[in-house]
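Work through the exercises below with the model open. Each task is followed by a solution in steps.

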2 protein chains.
Amino acid sequence: MWLACARSGVLALADYRASLHHVQFCTRFYGGLDRMQDLLPKSEGLRERKRQETLQRITEAGLKSFIARGYEETTLDDIAAAASISRRTFFHYFKSKDEILLAQLDNYAQSIKASTVENASAGEPLDVAREALLKVVNGFEEPQMSAIARIMRQSKALQVRRGMANLQFEKALYEGLCSLWPGKQRRDGLRMVAMVAVGALRLSVETWQQDGKRPLAKYLRDAFKNLRAEIRATDS
Amino acid sequence: MWLACARSGVLALADYRASLHHVQFCTRFYGGLDRMQDLLPKSEGLRERKRQETLQRITEAGLKSFIARGYEETTLDDIAAAASISRRTFFHYFKSKDEILLAQLDNYAQSIKASTVENASAGEPLDVAREALLKVVNGFEEPQMSAIARIMRQSKALQVRRGMANLQFEKALYEGLCSLWPGKQRRDGLRMVAMVAVGALRLSVETWQQDGKRPLAKYLRDAFKNLRAEIRATDS
DNA sequence: GTGCATATTGCACTGAGTGCAACAAGTCAA
DNA sequence: TTGACTTGTTGCACTCAGTGCAATATGCAC
């Protein structure tokens, strides 16, 4: 019976992959905004392997159900059942229901920080930020991003959480920039740059999701151009 | 007994006013992000007057308890009891617990929009935005803002909601700007300006709350200067 | 007053999230 | 392999936010 349960979980998983034409959701998780555990360094042993498997089962079950039936309509009991764990165990993997989605975005925050450092040669802070974001944006795995974005727009609560993710991005970018310009006197400016750049990202994603014929990177470049034009025109 | 209850409510209210050195929370409410009812036009009659009184009782009870015992620790039963209504009735006034706080901020969104239109002569969009925000910021009723801000920092859930309020501000500012520059081709730029300006506001409020010796307006001016400096230095 | 609209309330319900204590499974050493 | 130790899983009972419904109370207009 337990075996049957596990098997149906695997089947559901395969079915899900096929139906959505994409693979490899979340090979690594950092546990969301304030991670409950550090999962990175110790990656060997049966225990850890099982944990990763469960994590993946939960995530896939959650995303699948969110897409199929909607976020609010999916209960934790549903997810737990589909992932072959108890409801109580769910909370040992995620602090809350929405963290299933947030953890996805958290990966991008990591990328942003890394990409910032790699683009150190781009010039001034805002140029570095722009190039870093462009790089990350080009690395978006298309169907996954759109799926998550679609879910996020379903409920107000999630849109709100999405806003939080942008703050994560901003923080990541800021930290990246700070490591390139370590001087203390520049801090406020870098903070501002991070804010503006993520803002540009936000606006582009918005436009892209509405009438997205062109690739996201195009919209992002335009946003930065707009930004410069508007601020140039300014007085004092 | 019911009278005793009502009287204690009034006493609590007076006590609250005295202890916080300020008055007139929320003379008008719009019901938060998506208001549940339009309370503005019809403002006469016993019924409406009672409604306003209840609204005020709820808000004061809520804020008082949030400050005294913390946001998470305050249950809706507490608030309802303190406001001399039933728990169920609470939901006829606010859609959720956090709306008590959000409704406060919503008032500022209205001010921002109005102030934008009034400052039409300031020059380019970003200048108008800056002047509008400065004006609103100068109108902050000091102890109230700080109190709300302090509560907002207590829980993660509230910080997230606070982020949503910034989006409200951004929207208000954008709408104000759009009424000044009605042309469609400028839209994206105005959106960008609104985003950047509210971002500047956000950063200033943050700094101000941390080491706030100077008035908020000072920080806001600095933020706009920083902004300009950073973007000027940029390449393409 | 009567009739109508709206406000208030209690009740029963769902669903998220927590604390606890029992139990199962992985780990490591002897 | 066995036994001690650690970590993971689970069920249970609980709290609290939020909703739907139906009964009752209140304000309002005639």
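For residue classes, Ala, Val, Leu, Ile, Met, Phe, Trp, Tyr, Cys and Pro count as nonpolar, Asp, Glu, Lys and Arg as charged, and the others, Gly among them, as polar. This is a predicted model, in which local features need pLDDT of at least 70 and side-chain atom pairs count only at pLDDT 80 or more, while totals for chains, interfaces and linings use all residues. Residues are numbered from 1 along each chain as its sequence is written, chains are lettered from A and ligands numbered from 1 in the order in which they are written, and side-chain values use heavy atoms, with hydrogens and water left out.

**Exercise 1.** Describe the secondary structure and burial of chain A.

Step 1. Helices (H or I, at least four residues) and strands (E, at least two) are taken as DSSP runs, numbered from the N terminus. Chain A has 10 helices and 0 strands.

Step 2. Buried means under 20% relative accessible area (1.4 Å probe, protein chains only). By that cut-off, 49% of the 236 residues of chain A are buried.

**Exercise 2.** Characterise the protein surface near DNA strand D.

Step 1. A residue is near a strand if one of its heavy atoms lies within 4 Å of it. DNA strand D is surrounded by 21 residues, and the closest are A:Thr89, B:Leu46, B:Arg87, B:Arg88 and B:Lys97. Of the strand D atoms that come within 4 Å of the protein, 53% are sugar and phosphate.

Step 2. Sorted by class, this surface has 5 nonpolar, 8 polar and 8 charged residues.

Step 3. The largest share, 4 residues, comes from α4(A).

Step 4. A polar contact is a pair of N or O atoms within 3.5 Å. The side chain of A:Thr89 places an N or O atom 2.7 Å from a phosphate oxygen of strand D. At B:Leu76 a polar backbone atom is 3.1 Å from a phosphate oxygen. The side chain of B:Arg87 instead has an N or O atom 2.7 Å from a base nitrogen.

**Exercise 3.** Repeat the analysis for DNA strand C.

Step 1. Here 20 residues surround the strand, with A:Arg87, A:Arg88, A:Lys97, B:Thr89 and B:Tyr93 the closest.

Step 2. The classes are 5 nonpolar, 8 polar and 7 charged, and α4(B) gives the largest share, 4 residues.

Step 3. A polar side-chain atom of A:Arg87 is 2.8 Å from a base nitrogen of strand C. Phosphate oxygens of strand C lie 3.2 Å from a side-chain N or O atom of A:Lys50 and 3.0 Å from a polar side-chain atom of B:Tyr93.

Key. Buried < 20%, exposed > 50% of the residue type's maximum accessible area, 1.4 Å probe, protein only. Polar contact = N/O pair within 3.5 Å; in protein donor to acceptor, adjacent residues only side chain to side chain.
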